[in-house]
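These are my notebook entries on a structure that I had not looked up before. I set down the terms as I came to need them.

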Amino acid sequence: IPASSKTDNYKVRVKGKPFVTPLITVRKFEDVNGNGIWDTSEPQIGVDKLINGGGWPFSVLDPLSVLNNYFTPQTVTAPTSGVYNVTEEILAGWNQTAARLDNVYLSVKPSVLVNVIGTSAETHEVVFGNFNCFNITGEKINDLDGDGSNDAEPGIAGWNITLLRNGLPYTSTLTDSNGSYGFNVCAGGNYTVREEDRINWNHTSQQQFSFIAQSGVNQQFDFLNFQCLIVSGHKFEDIIGNGNFDVGDTGISNWTIFLQRNSQNLSNTQTDNSGFYSFLICQGGNYTVSEEDKNDWIHTSQTSFNFTAISGNNQTFDFFNFGCFDLEVRKNYDADKDGNFGEINECRIEGWNFTVFRDSTEVANLITNTSGVATLHLCVPGNYTVVDNGRAGWQHTSPADGILQFQALSRTSQPLNFGNVQ
């Protein structure tokens with residue numbers, strides 16, 4: 001309604017240079033090394049590097065309480081004098097490391113207050129720096145063959161993994177049921193990932209790994225360990241020489257047992273008073289356990305055993321030996337035919353012939369000496385038969401058939417008496 005309206009027109013003439021509106025420029029950089037300083041090699045987000053296809057989101061709250069949203073890098077006009085609140089958005093997986101206003105680094109905070117005086121051509125710059133969190137992951141592996149490589153081998157649960165930052169403990173964790181572990185790290189620095197030591201476990205990979213953190217660069221380190229194993233057994237005197245443990249078999253002390261690894265001599269030990277021996281093995285490889293040879297002893301079991309070491313898989317190997325013995329055959333003149341020898345008018349007979357069999361196989365032929373005795377040193381277990389070959393005109397008195405049998409016993413001499421009368 002014209003009668004209720006009023007229109008005023010103004011013209012402003014500026015003397016000298018025209019007024020230039022103040023500006024606030026907001027930038028964002030990726031703090032690759034996490035040191036809180038924009039180093040020359042570090043990328044500007046929205047220029048050198050994009051986040052979600054563009055720059056980093058931020059907002060500006062002006063002195064009139066008007067809020068506007070932008071993406072870095074962005075220059076915002078500040079026509080009204082007063083305090084402008086520049087706030088960066090917090091993105092998941094990123095940690096703020098720097099806030100700078102007009103080339104002065106401030107304490108780290110997501111909001112920077114910019115005081116605009118309102119002079120012509122006034123400029124300000126706000127810079128935020130952020131570090132992209134990264135993951136440190138890996139597995140704790142039971143290195144079954146001890147070769148230092150992960151050959152689809154099982155993980156070890158409950159193993160402590162420690163993370164150090166700049167030489168100081170930072171955090172730690174335990175491996176899960178699959179042997180896996182992980183850390184999420186949101187700060188730069190010099191890091192070391194270290195596994196615990198355990199008794200009777202040997203490291204087959206590095207015990208620790210060190211690296212310099214870089215924004216968004218994940219790290220993976222696997223730890224491999226070989227569990228020591230015990231190789232043990234007994235050295236037995238095999239009384240009947242059958243190669244098996246029987247009641248009456250006893251351990252032999254001070255017998256040397258040798259251990260080789262990959263055909264190279266590694267160690268040796270002596271059996272104790274019970275014949276027991278043992279070796280602790282903490283490396284993978286192909287092993288041989290063997291026993292020494294001794295005079296007048298024969299092996300009734302294997303003289304060596306070969307095996308490939310498997311982490312934590314103990315081995316038991318027993319050695320059996322049979323001791324040689326002496327057979328002594330005596331030929332007696334049994335004048336009274338009573339089976340007792342050495343009585344009056346009784347003596348030993350020289351030149352008498354005997355045949356010795358082992359398990360039905362002839363092993364020797366003996367002839368008594370001037371003392372009427374024939375001896376034979378034997379080292380083979382078994383069932384023996386000694387046959388008196390007799391003479392024409394002579395009669396067996398003891399035994400009546402002229403045959404004696406016995407089972408060989410380790411290191412047990414066998415005296416046999418035969419009686420004859422003419």
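Entry 1, disulfides. I took a disulfide to be a pair of cysteine sulfur atoms within 2.5 Å. In general, such a link is a covalent bond between the sulfur atoms of two cysteines. The model is a predicted one, in which local features need pLDDT of at least 70 and side-chain atom pairs count only at pLDDT 80 or more, while totals for chains, interfaces and linings use all residues. Residues are numbered from 1 along each chain as its sequence is written, and side-chain values use heavy atoms, with hydrogens and water left out.

How many disulfides does the structure hold? I found 3. With the bonded cysteines numbered in sequence order, they pair as 1-2, 3-4, 5-6.

Entry 2, Cys 133 and Cys 186. These two cysteines are joined with an S to S distance of 1.9 Å, and their link is right-handed, with 110 degrees about the S-S bond. The pair connects distant parts of the chain, 53 residues apart: Cys 133 is in the loop between β9 (123–132) and β10 (134–142), and Cys 186 is in the loop between β13 (180–185) and β14 (190–195). I read strands as DSSP runs of E, at least two residues long, numbered from the N terminus. For accessibility I used relative accessible area with a 1.4 Å probe and protein chains only: buried is under 20%, exposed is over 50%, and partly exposed is in between. Cys 133 is buried at 13%, whereas Cys 186 is partly exposed at 21%.

Entry 3, Cys 228 and Cys 282. A disulfide joins them, again listed at 1.9 Å from S to S. The torsion about their S-S bond is about 110 degrees, so this disulfide is right-handed. Cys 228 lies in the loop between β18 (223–227) and β19 (229–237) and Cys 282 in the loop between β23 (276–281) and β24 (286–291), so parts 54 residues apart in sequence are tied together. Cys 228 is buried at 10%; Cys 282 is partly exposed at 25%.

Entry 4, Cys 324 and Cys 379. I noted an S to S distance of 1.9 Å for this disulfide. Its torsion is about 110 degrees, so it is right-handed. Cys 324 lies in the loop between β28 (319–323) and β29, and Cys 379 in the loop between β32 and β33 (383–388), so the pair ties together parts 55 residues apart in sequence. Is Cys 324 buried or exposed? Cys 324 is buried, at 9%, while Cys 379 is partly exposed, at 23%.

Entry 5, a sheet. I next looked up an open sheet of 4 strands, in the order β32-β29-β36-β34 with mixed pairing. Two strands pair if DSSP finds at least two bridges between them. Why is one side of β32 (373–378) and of β34 (395–398) left without a neighbour? Each stands at an edge and has a single partner strand, so one side stays free of a neighbour in the sheet. Within the sheet, β29 (residues 325–333) and β36 (residues 414–421) run parallel and are joined by 7 bridges. Glu 328 stands opposite Pro 415 in β36.

Entry 6, nonpolar cores. I counted as a core a set of buried Ala, Val, Leu, Ile, Met, Phe, Trp, Tyr and Cys residues joined through side-chain atoms within 4.5 Å. The largest has 21 residues, and Leu 327, Val 356, Leu 366 and Val 386 have the most contacts inside it. Strand β29 gives the most to this core, with 4 residues. A second, separate core has 19 residues, including Phe 134 and Trp 159.
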